[in-house]
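The following exercises concern the fold of a single protein chain. Each task is followed by a solution in steps.

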Amino acid sequence: MIVIINYGLGNLFSVLGAVEKLGFKAKISSKIKDMEKADKLILPGVGAFSDGMKNLHELGLVEPLTKLVVENKKPILGICLGCQLMAKESDEFGHNQGLGWIDGSVIRLETENKELRVPHVGWDELLQRKKSTLFEGIPEDALFYYTHSFHIKCKNVNDILGECDYGGLFTAAFCHNNIYGTQFHPEKSQLHGLNLLRNFLEKR
Amino acid sequence: MLRKRLITVLTFNDGVLFRTKLFNPDYRYTHNFIDAWSIDEIVALDVTRPGQGDKENFYKMVKHLASKCFVPLAAGGGVRTVDDFKKLLSIGADKVIINTEAVRRPELITEAANLFGAQCVVVSIDAKKHEDGSYEVFTEFGTKPTGMKPEEWAKKAQKLGAGEIMITSIERDGFLEGYDNQLNKMVSEAVDIPVLVCGGAGKWQDFVDGFEKGKASAVCTTNIYHFTETSIKSAKSYMKNAGINVRL
C-alpha cells in the first residue's frame with residue numbers, strides 16, 4: 001500500500017491517479033497509523049511553504065512522520081512543495097522551519113537573464129548527476145514538467161541526484177538514504193514521469 | 001532549456017465539451033486521446049453562463065481529465081473564492097484560472113497566491129481592440145468594459161501575486177486568422193511572468209508567430225477538432241523546423 005500524505009494542500013488527486021495507473025494500491029490519508037502501515041509514502045505538493053508546515057503541525061504529523069522517515073527509514077518521495085518541506089528552512093513569505101530531513105534550505109529562483117521568467121513553468125531537462133534507481137530507463141534527454149518559484153539548495157552535494165539549468169543550476173532531484181525528492185512533477189510528466197515514479201514504487 | 005509550450009484549451013458548457021465532432025458533443029474522445037499525444041498542457045474552462053447549468057458537471061469533467069491525462073491541468077471559469085480554488089485543486093487541477101473576479105476583487109490573486117503559491121494562479125485577461133487601435137480589458141465573457149489597459153492590468157496582476165498571464169483577443173477568437181501579436185507582445189513585455197496567448201490560431205505558422213512576434217511563453221488553441229492523432233506532432237515538427245524550441 002502506498003500512502004499519499006494529505007495535509008490539505010497537495011495535488012493529491014493527480015498523484016493518486018498516476019500511482020493507480022501504474023498498478024499500485026494507494027490511499028490518500030492524514031493519519032499516521034496509515035503511514036506506519038504503508039510500504040511507501042508520497043508527500044505531494046502545490047502550495048506555499050508556510051501553510052504546508054502549519055497544516056502538518058496542526059495535523060500532529062511533524063514529529064511522528066519524522067520518526068517514521070528518519071528513524072524507521074520508511075521510503076518517501078516528496079514532490080515539488082513536498083520536496084521543499086523536507087528541507088531545514090525556507091525563505092518563502094518570511095523565514096520558516098521545515099521538516100529538516102534534508103540538510104539544505106529553500107530559496108527563491110533567481111535568474112540574471114531577463115528572458116527567463118519566474119515562475120519556471122514548463123518542460124525542462126533533468127541533468128542526471130548520479131546513478132540512481134530513480135533514473136533507471138530514463139533517457140538523459142528526458143523532459144519533465146516544472147512549475148515553481150522556489151527550489152531546494154542542498155548543503156550536502158552527495159544528496160544531489162539531478163539538476164536543472166534555468167539561469168543557473170538548481171537541484172531538481174535529491175536522495176538522502178530513504179528520502180527522495182523531485183522539484184518537477186513526475187505525475188505530470190507523461191511517460192518518463194510515470195517511469196520515474198514506477199522506479200520509486202517498485203525498485204526502491 | 002525550457003521548452004516553448006503548446007496548450008490545448010477545452011471549453012465546457014455544463015460539463016459537455018463545447019466543440020463537437022460532426023455536431024455531436026463527444027467529450028470522451030478528448031480525454032482519451034490527449035495523454036497519448038505530445039500536448040504540453042491542458043486548460044479546462046467552464047463557459048457555462050450563470051444559472052445555465054450545474055457546476056458539478058464541470059467538476060466531474062476536471063476530475064476525469066485529471067485521472068486520465070498525466071500532463072499539467074489548469075482549470076477555471078466562474079472562480080470567485082479561495083474555496084473555488086481549493087475545490088478545483090482537490091479534484092486534480094494543478095493551476096486555477098481567474099478572470100472576472102480578479103478584476104472585481106484583485107485581492108483574490110494575493111489570497112490565492114499566499115495559500116497555493118504563485119505558480120497556481122493564472123490570471124486570464126480578455127482584451128478588445130477599439131477602432132482607434134487602443135486595447136481595453138473586458139470581463140464577464142467579454143461583455144463588460146473595465147476601462148483598464150491589458151498591459152497595465154497584467155502588470156498589476158503580477159504584482160499582486162499571479163504566476164502566469166493568459167491573454168485572449170476577443171475579436172480573434174474562433175476566426176483562425178492568427179493571434180493578435182501586437183497585443184500579445186505588449187502584455188508579454190510588461191511582465192516578468194510567463195504569458196500564454198490565446199485566440200485565433202488556425203495554422204501551424206500562427207503558433208510560430210505567437211512565440212516570435214507575440215513573445216509568448218506558451219501558445220493556446222481551442223480548436224480541438226484540428227487535432228487528430230498526428231496533428232500535435234506535426235504542429236510541433238513545424239515549429240521545430242521554424243527554430244522554436246519545443247518538446248517533441
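**Exercise 1. Determine what share of the contacts in chain A is long in sequence separation, and characterise the overall dimensions.**

Step 1. Taking contact as heavy atoms within 4.5 Å, consider those contacts in chain A between residues at least 6 apart in sequence: 71% of them join residues at least 24 apart.

Step 2. This is a predicted model, in which local features need pLDDT of at least 70, side-chain atom pairs count only at pLDDT 80 or more, and totals for chains, interfaces and linings use all residues. Residues are numbered from 1 along each chain as its sequence is written, chains are lettered from A and ligands numbered from 1 in the order in which they are written, and side-chain values use heavy atoms, with hydrogens and water left out.

Step 3. The radius of gyration is taken over C-alpha atoms, and the globule rule is 2.2 Å times the number of residues to the power 0.38. For 204 residues a compact globule would have a value near 17 Å, and the 16 Å of chain A agrees with this.

Step 4. The C-alpha trace of chain A spans about 50 × 40 × 30 Å along its principal axes.

**Exercise 2. Establish how strand 13 of chain A is paired and whether it is enclosed or open.**

Step 1. Helices (H or I, at least four residues) and strands (E, at least two) are DSSP runs, numbered from the N terminus; chain A has 6 helices and 14 strands. Two strands pair if DSSP finds at least two bridges between them.

Step 2. Strand 13 of chain A pairs with strand 12 (residues 160-165) of chain A in the antiparallel sense over 5 bridges, and G162(A) stands opposite A173(A). In the hairpin of these strands, with 3 residues between them, G167(A) takes a positive phi near 65 degrees.

Step 3. Strand 13 of chain A is also joined by 4 bridges to strand 14 (residues 179-182) of chain A, again antiparallel, where A173(A) stands opposite T182(A). Here 2 residues lie between the strands, and N177(A) takes a positive phi near 55 degrees.

Step 4. Buried means under 20% relative accessible area (1.4 Å probe, protein chains only). Strand 13 (residues 169-176) of chain A is largely enclosed by the rest of the structure, because 6 of its 8 residues are buried.

**Exercise 3. Identify the edge strands of the open sheet in chain A.**

Step 1. The sheet has 4 strands in the order 6-5-7-11, with mixed pairing.

Step 2. Strand 6 (96-97) and strand 11 (150-154) of chain A are the edges, since each pairs on one side only.

Step 3. Strand 11 of chain A runs antiparallel to strand 7 (residues 102-108) of chain A, with 5 bridges; I107(A) stands opposite H151(A).

Terms used: Buried means under 20% relative accessible area, exposed over 50%, partly exposed in between (1.4 Å probe, protein chains only).
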